[in-house]
Amino acid sequence: MMESKPRVLMVPDAYWGPDSGAVAARLAAGVWQSLGFEVAVYIEPPKDSITSVSGVRIYSARTIRLIHHFGGNGATALFIDALEDFQPTQVFFLGSAISKPTSFFAAARRRGIPRICLWWIQDFFCTRGYGCLPDEGPCTRCLNGNGLHAVFNRCHYNNSGFSKIIAGVVARMVQRRELQRSDVVMGSSLGQLDLYRRFGMPPGRLVQCPLFFDRDRVQGHASKRGDYFVCYGQAREEKGWHLLASVLRAAPGIKLVLPFGDAVTAELALTKFGLRQFQNSGQVQVIAGVTWPTGVARLVAESCGVLIPSLWPTTTEYVLLESIGLGKPVIAFDVGIHAEEIVSGENGLLAPVGDAVGIAGQLIRLASDFELQARLATGAKRLFERLTAPERYAVAFRQAIDLAGSGRQSEPMAR
């Protein structure tokens, strides 16, 4: 009798559509298929009538809401129906941990189905999002799971009130134990895995896996050596945008281009981070209404380099991969994935974390040194090829599958 294939039910935090999160989900499905798994996905599809795409079976989910953490709104019943129908040998959660209902984890656990989790958003312990306080920078005070700091500090969701604080704290306290019971937890950087370890997840069940990235995003763009730098991505404190004014003051000869998806976001960023004066003087150029395919890629390709002032020591950014994929040196703080992967002077430039003057010095240095630009461009491309090498995903998934059944200690990926 022919042995049946192993089966994995994926639960991604994204629509099965064109955005980056869904692209990552589709790439992950391809890795599972390459390892001999039958793949199904529990997701909100663009059309309810879709039942299969590229050999992946689709089970229609309901919109994920806070109440789902407590098994409400029928979402858990739909998930259990998918488990019973597909009979997976693994359940694979990926995306934002806080958006995955606690009841889903429990439903799989009660059926003895190993749960492998790959997360790129770390707000599962923080009611504010990304553990950031405007005046103090990144915060991990609620990493212990009790959420008391969130209550005392009046952390909140989008200024929506104290009730949201309490709801968020309670949801995370309920969720904490289920997350700690995950069979394997994956992350894209050692800093991210350390955060999970501090949260209480067994260190022997942590696996490093590269951030899923579609290499086609960097194809077809002619690279030129421009006279400006680009800073783009999320305009938030944990991403270091509150330091941009200090950087610009320390590097008055540097021109910085800031692309935004819409004019409203651009205006908010200029006001919040004190950048209006630099726009008025011409040192900052704001370009609104552009996305990666409609303008950001060209701006990056024709720049001198990309500034990533992130202070958050965990995830890998798409900004990093997009930039080095176009052969553009990244200037960043020596924290998180940047400290782990960038060798300053070889494939990028680093400054001590939070040192705005140091970052400014690196920008000035790169802008005036053509030989350095060429060397770093070559190094950046090599780093991109290594970080996005397809075989690295398969290695990480095999390691996760093995750990889910054996409990053996995981080792970091080889550089």
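**Close-up views of a predicted model**

**View 1. Pairing of strand 15 with strand 16.** In strand 16, L349 is the bridge partner of I331. The structure shown here and in the views below is a predicted model. Strand 15 covers residues 330-333 and is joined to strand 16 by 3 bridges. The two strands run parallel.

**View 2. The open sheet and its edges.** Strands 15 and 16 belong to an open sheet of 6 strands, whose order is 13-12-11-14-15-16. The pairing in this sheet is parallel. Strand 13 (284-288) and strand 16 (349-351) are the edge strands, each of which pairs on one side only.

**View 3. Helices 8 and 11 against the sheet.** Helix 8, made up of residues 263-272, packs on the sheet and touches strand 12 (256-260) as well as strand 13. The direction of helix 8 makes about 155° with that of strand 13. Helix 11 (residues 318-325) also packs on the sheet, where it touches strand 14 (305-308) and strand 15. Between the direction of helix 11 and that of strand 14 the angle is about 165°.

**View 4. A buried glutamate in a loop.** E238 is located in the loop that lies between strand 11 (229-230) and helix 7 (244-250). Is E238 buried or exposed? With a relative accessible area of 1%, E238 falls under the 20% limit and is therefore buried. Its side chain makes a polar contact with the side chain of R236, at 2.5 Å.

**View 5. The packing of helix 13 with helix 14.** Helix 13 spans residues 356-368 and helix 14 spans residues 370-387. The helices pack at an angle of about 100°, and their axes are 5 Å apart. Because this angle lies within the range of 65 to 115 degrees, helix 13 and helix 14 are roughly perpendicular to each other. On the side of helix 13 the contact involves R365, L366, A367 and S368, which meet F370, L372, Q373 and L376 of helix 14. Sorted by class, this contact has 5 nonpolar, 2 polar and 1 charged residues.

**View 6. F370 in helix 14.** F370 lies in helix 14 and is among the residues of that helix that meet helix 13. How exposed is F370? Its relative accessible area is 52%, which is over the 50% limit, so F370 is exposed. F370 and R225 are separated by 145 residues in sequence, while their C-alpha atoms are 9.0 Å apart in space.

Technical notes
Residues are numbered from 1 along each chain as its sequence is written. This is a predicted model: local features need pLDDT of at least 70, side-chain atom pairs count only at pLDDT 80 or more; totals for chains, interfaces and linings use all residues. Side-chain values use heavy atoms; hydrogens and water are left out. Axes are lines fitted to C-alpha atoms, for helices over the stretch in contact, and angles run from 0 to 180 degrees between N-to-C directions. Helices (H or I, at least four residues) and strands (E, at least two) are DSSP runs, numbered from the N terminus. Angles under 35 degrees count as roughly parallel, over 145 as roughly antiparallel, 65 to 115 as roughly perpendicular and the rest as oblique. Contact means heavy atoms within 4.5 Å. Ala, Val, Leu, Ile, Met, Phe, Trp, Tyr, Cys and Pro count as nonpolar, Asp, Glu, Lys and Arg as charged, and the others, Gly among them, as polar. Buried means under 20% relative accessible area, exposed over 50%, partly exposed in between (1.4 Å probe, protein chains only). A polar contact is a pair of N or O atoms within 3.5 Å; within protein, one must be able to donate a hydrogen and the other to accept it, and residues adjacent in sequence count only if both atoms are side-chain atoms. Two strands pair if DSSP finds at least two bridges between them.
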